[in-house]
Amino acid sequence: TAVRFPMRLAIHVQTEQGELDAVTENISANGLLFVCDPLPAIDSRIEFTIAMPSAVMGSATDVTIHCIGRVVRHYLQGGEKKAAAVIDEYSLKA
């Protein structure tokens, strides 16, 4: 199983409907769970850039990663709307 890091990081999610402000709940190499309202549609393509803290990445500085993925599930948990997405492609930013 993939190692999931519980992290609350603010991200801007690009969707076919425009940009959404979201907060990550947890993230792994395979995907992420994020809190957002409204939620992007299931099966919709999303893009986001996230700055992973250096402590998590084991690097001297934060690592910025650009990700392309798709929404696979919606949740309602503790009054928060959440979406699970798989990451199909990613690239490190210098």
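Let us begin with charge. In this predicted model, the protein carries 8 positive and 11 negative charges, and the mean positions of the two sets are 5 Å apart.

From charge we pass to the surface. The protein exposes about 5700 Å², and carbon and sulfur atoms supply 53% of that area. As for the interior, buried residues make up 37% of the 94 residues.

Next, the overall dimensions. The C-alpha trace spans about 35 × 25 × 25 Å along its principal axes. How does the radius of gyration of the protein agree with that of a compact globule? For 94 residues, such a globule would have a radius of gyration near 12 Å, and the protein has 13 Å, which agrees.

I turn now to the secondary structure. The protein has one helix and seven strands. Read from the N terminus, the order is β-β-β-β-β-α-β-β, so that five strands are written before the helix and two after it. Contacts also join distant parts of the chain: among contacts with a separation of 6 or more, 46% are between residues 24 or more positions apart.

Two residues illustrate such distant pairings. The first example is Phe48, which is found in strand S5, a strand that covers residues 45-52. Is Phe48 buried or exposed? With a relative accessibility of 3%, Phe48 falls under the 20% limit and therefore counts as buried. Which residues does Phe48 touch, once its neighbours within four places in sequence are left aside? They are Ile11, His12, Val13, Leu32, Ile65, His66, Cys67 and Ile87. One of these, His12, is 36 residues from Phe48 along the chain, yet their C-alpha atoms are separated by 6.1 Å.

The second example is Ser28. This residue lies in the loop between strand S3, residues 18-27, and strand S4. Although Ser28 is in a loop, its relative accessibility is 9%, and it counts as buried. Ser28 and Val86 are 58 residues apart in sequence, while the distance from C-alpha to C-alpha is 9.4 Å.

Let us now consider the loop that follows strand S4. Strand S4 comprises residues 31-36, and Pro38 is placed in the loop between S4 and S5. The peptide bond joining Asp37 and Pro38 is cis, with omega at about 5°. Asp43 also has its place in the loop between S4 and S5. Its phi is near 75°, a positive value in a residue other than glycine. Is Asp43 buried or exposed? Its relative accessibility is 65%, over the 50% limit, so Asp43 counts as exposed.

Finally, the cysteines. How many disulfides does a search of the whole structure find? The search finds zero. Why does Cys36 form no bond with Cys67? The sulfur of Cys67 is the closest cysteine sulfur to that of Cys36, but the distance is 16 Å, which is too far for a bond. A disulfide would require the two sulfur atoms to be within 2.5 Å. Cys67 is likewise in no disulfide, since its nearest cysteine sulfur is that of Cys36, 16 Å away. As to accessibility, Cys36 counts as buried, at 3%. Cys67 is buried as well, with a relative accessible area of 3%. Cys67 has already been named, as it is among the residues in contact with Phe48.

Methods:
Residues numbered from 1 in each chain as written. Predicted model: local features only at pLDDT ≥ 70, side-chain atom pairs only at ≥ 80, totals over all residues. Heavy atoms only, no water. Helix = DSSP H or I, 4+ residues; strand = E, 2+ residues; numbered from the N terminus. Rg over C-alpha atoms; globule rule 2.2 N^0.38 Å. Buried < 20%, exposed > 50% of the residue type's maximum accessible area, 1.4 Å probe, protein only. Contact = heavy atoms within 4.5 Å. Areas by Shrake-Rupley, 256 points an atom, 1.4 Å probe, with all protein chains shown as cover. Lys, Arg positive; Asp, Glu negative; His and termini not counted. Charge placed at Lys NZ, Arg CZ, Asp CG, Glu CD.
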